[in-house]
Amino acid sequence: MPIKFPFAKTKKQAEAQPLGLDHTHLPKHVAIIMDGNGRWAKNRGMPRIAGHKEGMGVVKRIVSYASDLGVRVLTLYAFSTENWKRPKNEVEFLMKLPVDFLNTYLPELIEKNVQVRTIGDFDVLPPHTKKAVQEAIERTKDNDGLVLNFALNYGSRFEMVHAVRQIAEKVKEGALDPSDISEEMFSSELYTSELIEPDLLIRTSGEQRLSNFLLWQLAYAEFWFTEVYWPDFNESHFEKALYDFQNRKRRFGGV
Ligand code: V07
């Protein structure tokens, strides 16, 4: 069944034709660095937080679209361990967004059979943020549709250091020989242990860096960049990313 674009805000978007995705060859796990919210707002003479708010609405639309397409996992970089350095009012606003998002959209996520998860150091988040997210995780844990995985207070190097510590403890206890440490074992100590690896990374707003996001897990992923700021990102951009993904040859280092 072809998916149309009833979401269009402009005439150009409304007239855009779907690209003809091969629905049997979609990326299973898409990861997104949702960048450019602050710059989007600044360009409009608005405070940075207005960009974050607008960006939240885009999250909802892309989640819906990915779920309709049949993507299995969508990982979104919502808050990095470095983001604590931002002004206090901005951090406070960001920490309210999960609450806001879930108050508005949790019923729809449940209706769409979406399972909410997080990766990152969850313990140090403000109590109101933790409470809302934990409730969403709990209420969607038996859903078997799209896995919506929010990276919240996430940093890839910290994640790996944490994994190494876990493994070192086992060695220290005498339960593990260093020669038995494998890639699989290391992976199993990461936050993403229960997820398949991302096959596509999208980053918006023209930056072409990983910024401490899923360094290990993205080893074989295709990277797709766009100049578009996250608040302007829409279903047709997402479709184009998937379309380009399908037209790249993936060889996993083989011939
Ligand atoms: C955040 C909106 C999207 C643009 C990027 C930064 C701002 C959705 C969430 C969220 C997180 C957990 C959850 C439900 C929703 C979110 C933060 C920032 C911190 F369970 N958007 N969004 N969280 N932005």
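Q: What makes us say that helix H3 and helix H4 are in contact in this predicted model?
A: Contact means heavy atoms within 4.5 Å. By that rule, Arg48, Ile49, His52, Lys53, Met56, Gly57, Val59, Lys60, Val63 and Ser64 in H3 meet a set of residues in H4, among them Glu90, Phe93, Leu94 and Leu97.

Q: What kinds of residues make up the contact of H3 with H4?
A: They divide into 10 nonpolar, 3 polar and 6 charged. Leu and Phe count as nonpolar, while Gly goes with the polar ones.

Q: Why are H3 and H4 called roughly parallel?
A: Angles under 35 degrees count as roughly parallel. The axes of H3 (residues 48-69) and H4 (residues 88-111) cross at roughly 30 degrees, so the two helices get that label. Their axes also come within 10 Å, and H3 passes H4 in a right-handed crossing.

Q: How do you know that strands E3 and E4 are paired?
A: Two strands pair if there are at least two bridges between them. Here 5 bridges join E3 to E4, and the two strands run parallel, so the pair passes the test. In these bridges, Val116 has Leu148 of E4 as its partner, and Arg117 stands opposite Asn149.

Q: What makes E2 and E4 a pair?
A: Use the cut-off of at least two bridges again. E2 and E4 have 7 bridges, in the parallel sense, so they count as paired too. Thr75 is one residue to look for: it stands opposite Asn149 in E4.

Q: Why do we say E3 and E6 stand at the edges of the sheet?
A: Check the order of this open sheet of 6 strands: E3-E4-E2-E1-E5-E6, with parallel pairing. Strand E3 (115-119) and strand E6 (222-225) each have a single partner strand, so one side of each is left without a neighbour in the sheet. From one strand to the next, the twist averages 20 degrees.

Q: What makes us say that helix H3 packs on the sheet?
A: H3 touches strand E1 (29-33), strand E2 (73-80) and E4. Its direction makes about 160 degrees with that of E2. Over 145 degrees counts as roughly antiparallel, so that word fits H3 and E2.

Q: Why is E4 called largely enclosed?
A: Buried means under 20% relative accessible area. In E4 (residues 147-154), 8 of the 8 residues are buried, so the strand is largely enclosed by the rest of the structure.

Note on methods
Residues are numbered from 1 along each chain as its sequence is written. This is a predicted model: local features need pLDDT of at least 70, side-chain atom pairs count only at pLDDT 80 or more; totals for chains, interfaces and linings use all residues. Side-chain values use heavy atoms; hydrogens and water are left out. Helices (H or I, at least four residues) and strands (E, at least two) are DSSP runs, numbered from the N terminus. Axes are lines fitted to C-alpha atoms, for helices over the stretch in contact, and angles run from 0 to 180 degrees between N-to-C directions. Angles under 35 degrees count as roughly parallel, over 145 as roughly antiparallel, 65 to 115 as roughly perpendicular and the rest as oblique. A crossing is left-handed if the near helix is turned anticlockwise from the far one by less than a right angle, and right-handed if clockwise. Buried means under 20% relative accessible area, exposed over 50%, partly exposed in between (1.4 Å probe, protein chains only).
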